[in-house]
Amino acid sequence: MLVLAGWILGSATGAEAQSLRQGVSAFHRQDYAAASRIFIPLAERGNAAAQTYLGFLFETGRGVPQNYAEAAMWYRRAAEQGDSRAQYSLGLLYDRGFGVPQDIVEASKWLNLSTSAAPPPAREARARIRDAVTTKMTRGEIAEARLRALEWAPSREH
């Protein structure tokens, strides 16, 4: 997790990086209310790492009321920017239909993207989950999910 935190912080600059570091520190201390107060303004300004953490807080109801739709919204914003953890979490929400309509093709798309972008320690575990989801799909659905993943391109928030 420390390597991941370093990678996340490396994508932010100046005061934003310091603020993100404080949010991550509060998160690791399990002071989720403080973490959410730090992450919200960063996430609103388009910080993908803060959006991913905030999505997790809303998904699990830590420091904020549990709200799957809110979690999906934050995960989507980060996933669209290429955050592989957010892509993974969003894919799982689509697989289960939590906060979004259940959509196995969309789930597979996000899980494919997440697996291909995952750091080596996480890649194998994500591949197992992706493959488990794929077993529930028809060949046509698999082809559609792969096409969506191939056509996807990250976009930065401004």
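Start by selecting Glu157: in this predicted model its side chain is partly exposed, with a relative accessible area of 26%. Glu157 sits in the segment after helix α9, which spans residues 139-151.

Now add Arg77 to the selection. Arg77 and Glu157 form a salt bridge, and their closest N and O atoms are 2.7 Å apart. Zoom out a little and follow the chain between them: Arg77 belongs to helix α5 (residues 68-80), so the pair ties together distant parts of the chain, 80 residues apart. Arg77 is partly exposed as well, at 24% relative accessible area.

Next stop, helix α7. Show residues 104-117 and pick out Glu106 and Lys109, which lie three residues apart in this helix, about one turn. How far apart are N and O in the salt bridge between Glu106 and Lys109? The distance is 3.1 Å.

Buried or exposed: which is Lys109? Lys109 counts as buried, with 8% relative accessibility. Glu106 is buried too, at 11% relative accessible area; the cut-off for buried is under 20%.

Keep those two on screen and add Glu144 and Arg148. Salt bridges with shared partners join Glu106, Lys109, Glu144 and Arg148 into one network.

For the last pair, select Arg130 and Asp131. These two form a salt bridge, with 3.0 Å between the closest N and O atoms. Asp131 counts as partly exposed, at 38% relative accessibility.

If you'd like to keep hunting, the structure holds nine salt bridges, including Arg77 with Glu157, Glu106 with Lys109 and Asp131 with Arg130.

Notes. Residues numbered from 1 in each chain as written. Predicted model: local features only at pLDDT ≥ 70, side-chain atom pairs only at ≥ 80, totals over all residues. Heavy atoms only, no water. Salt bridge = Lys/Arg side-chain N within 4 Å of Asp/Glu carboxyl O. Helix = DSSP H or I, 4+ residues; strand = E, 2+ residues; numbered from the N terminus. Buried < 20%, exposed > 50% of the residue type's maximum accessible area, 1.4 Å probe, protein only.
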